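Visitor: I am new to this structure and would like to know what the terms rest on. Please show it to me before we start.

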Amino acid sequence: MDYKKKISEAIGSPLVTADDIMTAAEGHGDYALPCFKYARQLRKSPQAIAEDFAAGLGGCDFIERTEVAGGYLNFYLERKAFVRGVMAEDPGRPQLRSSGAGKTACIDYSSINIAKPFHIGHLMSTAIGGSLYRIYKYLGWNVVGINHLGDWGTQFGKLLAAYEEWGDKTKKLTLGDMLDLYVRFTEESERDPALAERGRTEFLRIERGDPDAVRTYEMFKATTLEEVNKVYARLGIEFDSYNGEAFYNDKMQPIIDELEAKGLTEVSDGALVVRLDDYGMPPCLIRRSDGASLYATRDLAAAQYRADTYKFDKCLYVVATQQNLHFRQLFKVLELMGREWAKNLVHVQFGMVSYEGKPLSTRKGHVVFLADVIENTVQKAREIIEEKNPDLPNKDAVAESVGVGAVMFFALGTQRIKDVDFDYDRVLSFDGETAPYLQYTHARCMSVLAKAENRAEGEPDPALLTDDDAYAVVRLLSVFGDVVLDAAEKYEPSVIARYLIDLARSYNRFYIAGRIITDDDALTRARLALTSAVARTIKTGLRLLLTEAPDRM
RNA sequence: GCGCCGGUAGCUCAGCUGGAUAGAGCAACGCCCUUCUAAGGCGUGGGUCGGGGGUUCGAAUCCCUUCCGGCGUACCA
């Protein structure tokens with residue numbers, strides 16, 4: 001499996017390590033060893049060194065031949081043995097890898113605000129976190145998905161006041177109603193200071209547990225979750241906990257006490273802070289001068305709760321890059337408190353989402369609702385189906401998969417740190433490097449397999465998959481597990497997206513180059529085995545990207 | 001001002017733990033459906049890897065510096 005190691009051992013020089021072996025460039029075999037760095041020590045030219053290494057390499061069964069060119073020693077693998085090894089591993093199988101066995105990861109993602117509609121600004125955290133959830137599960141981790149709800153704060157007092165003032169109590173409230181009420185309150189309270197005051201007092205009622213106020217507040221929360229859960233269901237997003245800000249209300253005091261007891265705090269302008277000057281950061285605010293707690297206080301309590309409850313080996317916060325300083329402060333404070341698990345906290349940050357070059361703003365009406373985007377992509381998929389495959393069964397289900405896939409690929413197809421400007425033309429493009437392309441390739445594979453019926457029986461002969469086109473596919477199949485691992489280590493689903501594009505492209509070349517189903521049984525069997533492995537790998541990989549792979553489309 | 005992040009083809013991006021001519025997709029142009037799904041494949045054109053220094057046999061990749069853009073910078077989250 002680890003050819004770099006095997007090759008370096010076969011060379012048998014103490015100077016050459018597995019890390020020195022690189023993947024060869026196009027047209028130079030499978031692996032290569034640049035010999036320049038040994039020239040000084042060995043007092044020979046790189047070319048001569050490469051020749052010496054090559055000469056000493058006799059009797060290596062996994063290398064077909066070597067080649068010395070321009071100071072490089074190139075290795076051509078024994079393709080038959082390689083193909084046999086890869087195909088025997090049943091590539092692309094959906095079973096989980098065991099690298100995470102026994103370990104627990106908490107993933108804080110989506111973390112929506114109650115009473116606010118779900119727009120594309122929320123898509124990134126939801127998609128990246130949801131994908132990481134599946135990736136870590138695939139790798140055998142025990143995963144805890146946490147939707148850290150924004151369900152506390154004076155805005156709920158305002159909403160409550162607005163609801164009591166203008167709300168229609170005879171009808172079931174919707175998210176849209178809540179948004180309208182909130183906007184109206186904001187507008188009218190600018191003219192009417194008494195109304196603003198009313199918002200604060202209503203929030204106090206919630207805080208003090210007034211039954212009527214709490215009942216209405218819970219109704220706001222339930223209504224929001226009900227609507228948002230529809231979107232989550234469409235996207236295949238799941239959570240194990242909805243403990244949000246409100247949940248930590250009674251869990252902050254012990255942290256504050258401990259901070260003070262450890263002498264980490266000081267009072268500055270009436271506020272309680274932890275100074276972080278030694279670490280080049282502004283102070284972390286723990287308690288406001290009016291006594292109220294803050295974001296950081298709540299997150300400290302939440303981190304402690306998660307450490308106690310889940311005993312995590314990793315805790316990921318899938319939150320926009322804007323909050324980078326907050327998390328650096330948070331992690332530092334926990335470290336100063338002596339929490340050894342603070343090193344296992346990771347801010348998985350992602351770039352800004354804008355629309356038409358401007359930041360999204362619900363208040364200013366500059367928004368794109370996620371449900372609308374999905375509706376549009378599904379509709380587009382539906383149109384293409386009508387055009388290209390009108391007899392397809394389950395058209396709606398397939399259109400749904402393709403539409404959702406297109407949205408997911410928008411969120412997961414590129415490195416998460418990059419800023420993105422939402423672009424309808426882009427999500428609605430189903431050509432080239434897109435989820436529909438991957439789904440199409442998968443469906444193409446399944447179509448061939450269906451047509452071949454039972455001609456895939458028996459062991460495939462690896463010797464029949466050593467031509468350049470098939471071999472390129474096999475090479476890609478062999479690294480799928482490493483790719484998933486890499487994605488997990490980098491917290492970067494796009495690694496898998498890029499890989500699947502490469503795999504699909506490679507397979508499509510193979511597909512076009514020659515026929516899979518032929519008169520030759522052995523050849524047909526081998527090519528079907530490859531087709532089947534590609535289909536499984538794409539399907540498994542797409543699953544990790546929250547995307548379904550229909551058998552037909 | 002300081003901090004974090006980004007700057008690669010017209011557009012969107014990959015490559016960034018240094019290696020052989022910098023790769024894709026979109027857009028443009030030209031090909032390939034009587035045979036397994038053309039949502040596909042092949043080809044052509046298109047690049048001062050933001051600029052300048054440095055380290056190295058070798059730099060898009062590492063270091064320094066500078067410019068441009070985004071975000072953050074104590075009582076919002």
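**Strands, surface and domains**

Guide: In this predicted model, strand β12 (residues 353–355) and β14 run parallel and are joined by three bridges.

Visitor: What makes β12 and β14 a pair?

Guide: Two strands pair if there are at least two bridges between them. β12 and β14 have three bridges, so they count as paired. In one of these links, Ser-354 has Asp-421 in β14 as its bridge partner.

Visitor: Why is one side of β13 and of β14 left without a neighbour in the sheet?

Guide: The sheet is open, has three strands in the order β13-β12-β14, and shows mixed pairing. β13 (358–359) and β14 (420–422) are at its edges with a single partner strand each, so one side of each lacks a neighbour there.

Visitor: What makes a residue part of the surface near RNA strand B?

Guide: Its C-beta atom, placed from the backbone, must lie within 6 Å of the strand. RNA strand B is surrounded by 72 residues, and the closest are Asp-269, Arg-288, Gly-432, Tyr-440 and Ser-447.

Visitor: Which element supplies the largest share of that surface?

Guide: α16 does, with eight residues. Elements that each supply at least two residues include β2 (31–34), α12 (324–336) and α16 (435–452). By class, the surface has 34 nonpolar, 21 polar and 17 charged residues.

Visitor: How is chain A divided into domains?

Guide: There is domain 1 (3–77), domain 2 (104–148 + 237–355), domain 3 (154–235) and domain 4 (370–544). Taken over C-alpha atoms, the centres of domain 1 and domain 3 are 69 Å apart.

Definitions and conventions:
Residues are numbered from 1 along each chain as its sequence is written. Chains are lettered from A and ligands numbered from 1 in the order in which they are written. This is a predicted model: local features need pLDDT of at least 70, side-chain atom pairs count only at pLDDT 80 or more; totals for chains, interfaces and linings use all residues. Helices (H or I, at least four residues) and strands (E, at least two) are DSSP runs, numbered from the N terminus. Ala, Val, Leu, Ile, Met, Phe, Trp, Tyr, Cys and Pro count as nonpolar, Asp, Glu, Lys and Arg as charged, and the others, Gly among them, as polar. Domain bounds come from an automatic or database domain assignment.
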